[in-house]
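Trainee: I should like to go through the terms applied to this model and the grounds for each of them.
Mentor: Let us begin with the structure itself.

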Amino acid sequence: MTNTDNQALKWTRKHLIGLEDLSKDEILHILRTAKGMQAISNRSIRKAPALRGRVAVLLFFEPSTRTRTSFQLAAERLSADTMEFTEKMSATRKGETLIDTAKNIEAMGVDIMIVRHAAPGSSQLIANNVDCCVVNAGDGQHEHPTQALLDIFTMQEQFGEDLTGIKVAFIGDISHSRVARSDIFGLIKLGAEVHLIGPRTLLPGGLKNYHPNVHLHHHLDEILPELDVINLLRIQLERQGALNFPSIREYNKLYGIDERRMKLAKPDVMIMHPGPMNREVEIASSVADGAHSVILKQVTNGLAVRMAVLSLVMSAEDSTIASQM
Ligand code: CP
């Protein structure tokens, strides 16, 4: 059954941990809700009352520029109070466990925990141990669901809601990328063709037969002319320990997107990057700042997507919120 009417699907999940568990209809429901949320940001008074009196805590154990500020703004735009947890100043430095930390924060009357942590499974672990809503803002190499949702939302703005047959590439460090994992789960549910491109050391072999719509490539220039969307991924030096290729210079030569490669690509190819970028490594500045780039549009769309996610998870707890959306 397809959810053609956004009202037809009743949202029941109080946590968002990843896109692997969501159905196509649930993903479309979030994206359609986000479309409605965009209107709030275009009003003269950019506030809606949906989460008035609610408290959202930003529980970030890893650095973030985009996700943290975007979630904070999203919660405040929906009139929630926000509280920022600073790991460096917290009792985790004295050995307090993640579960004890989460339970103590919840005891102050928190309604939503937005969690980023280096350990895969950390958001689910917290969700298993608290009563409030939990939203995963990136857990190690596992998932980054709101990044994938905003990526898909941005693709839909160019290609329409139905992404069937759209060829979407991820170039680079797929092995360490929670963004790529979440995007792969979401995109194949929406019918897109996913092309994973990079050196053998950065492409997980397990994805080879993962799904008929997921294809692995080692030679970028062979597949480049067919791609509708190119997502560049950052080489995550902090998760690799050592380089998985001979040198940054060689990586750039084989997989970097620059003006020469843009001439091989489709004339209307869309260039995406979740950030932060390593300019002149995976992407040339002229491409990052060029006409095909939607990198800042992704950031803008992240706000509407995160407003949608926060209001949906809370609506699973309180039906009066659903009636205000
Ligand atoms: N895309 C992303 O997660 O960026 P931040 O690390 O800045 O949140």
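**Contacts between two domains**

Mentor: In this predicted model, a salt bridge joins the side chains of R32 and E161, with 2.7 Å from N to O.

Trainee: Why is the pair R32 and E161 called a salt bridge?

Mentor: The rule asks for a side-chain nitrogen of Lys or Arg within 4 Å of a carboxyl oxygen of Asp or Glu. R32 and E161 meet at 2.7 Å, N to O, and therefore satisfy the rule. Between domain 1 and domain 2 the count is 2 salt bridges.

Trainee: How many residue pairs are in polar contact across the interface of domain 1 and domain 2?

Mentor: The rule finds 11 such pairs, with both residues at pLDDT 80 or more. On the side of domain 1 that touches domain 2, at least two residues come from each of α1 (24-41), α2 (66-77), β4 (112-117), β5 (133-139) and α12 (295-315). The largest share of that side, 9 residues, belongs to α1. Its classes are 14 nonpolar, 10 polar and 10 charged residues.

Trainee: What makes the two domains count as being in contact?

Mentor: Contact requires heavy atoms within 4.5 Å; 34 residues of domain 1 meet this with 26 residues of domain 2, so the term applies.

Trainee: What area is buried between domain 1 and domain 2?

Mentor: It is about 2,500 Å², and carbon and sulfur atoms give 59% of it. Within domain 1, L19, L31 and Q141 lose the most area to domain 2, together 26% of what that side buries.

Methods. Residues are numbered from 1 along each chain as its sequence is written. This is a predicted model: local features need pLDDT of at least 70, side-chain atom pairs count only at pLDDT 80 or more; totals for chains, interfaces and linings use all residues. Side-chain values use heavy atoms; hydrogens and water are left out. Buried area is the accessible area (1.4 Å probe) that two parts lose on being put together, summed over both. A polar contact is a pair of N or O atoms within 3.5 Å; within protein, one must be able to donate a hydrogen and the other to accept it, and residues adjacent in sequence count only if both atoms are side-chain atoms. Helices (H or I, at least four residues) and strands (E, at least two) are DSSP runs, numbered from the N terminus. Ala, Val, Leu, Ile, Met, Phe, Trp, Tyr, Cys and Pro count as nonpolar, Asp, Glu, Lys and Arg as charged, and the others, Gly among them, as polar.
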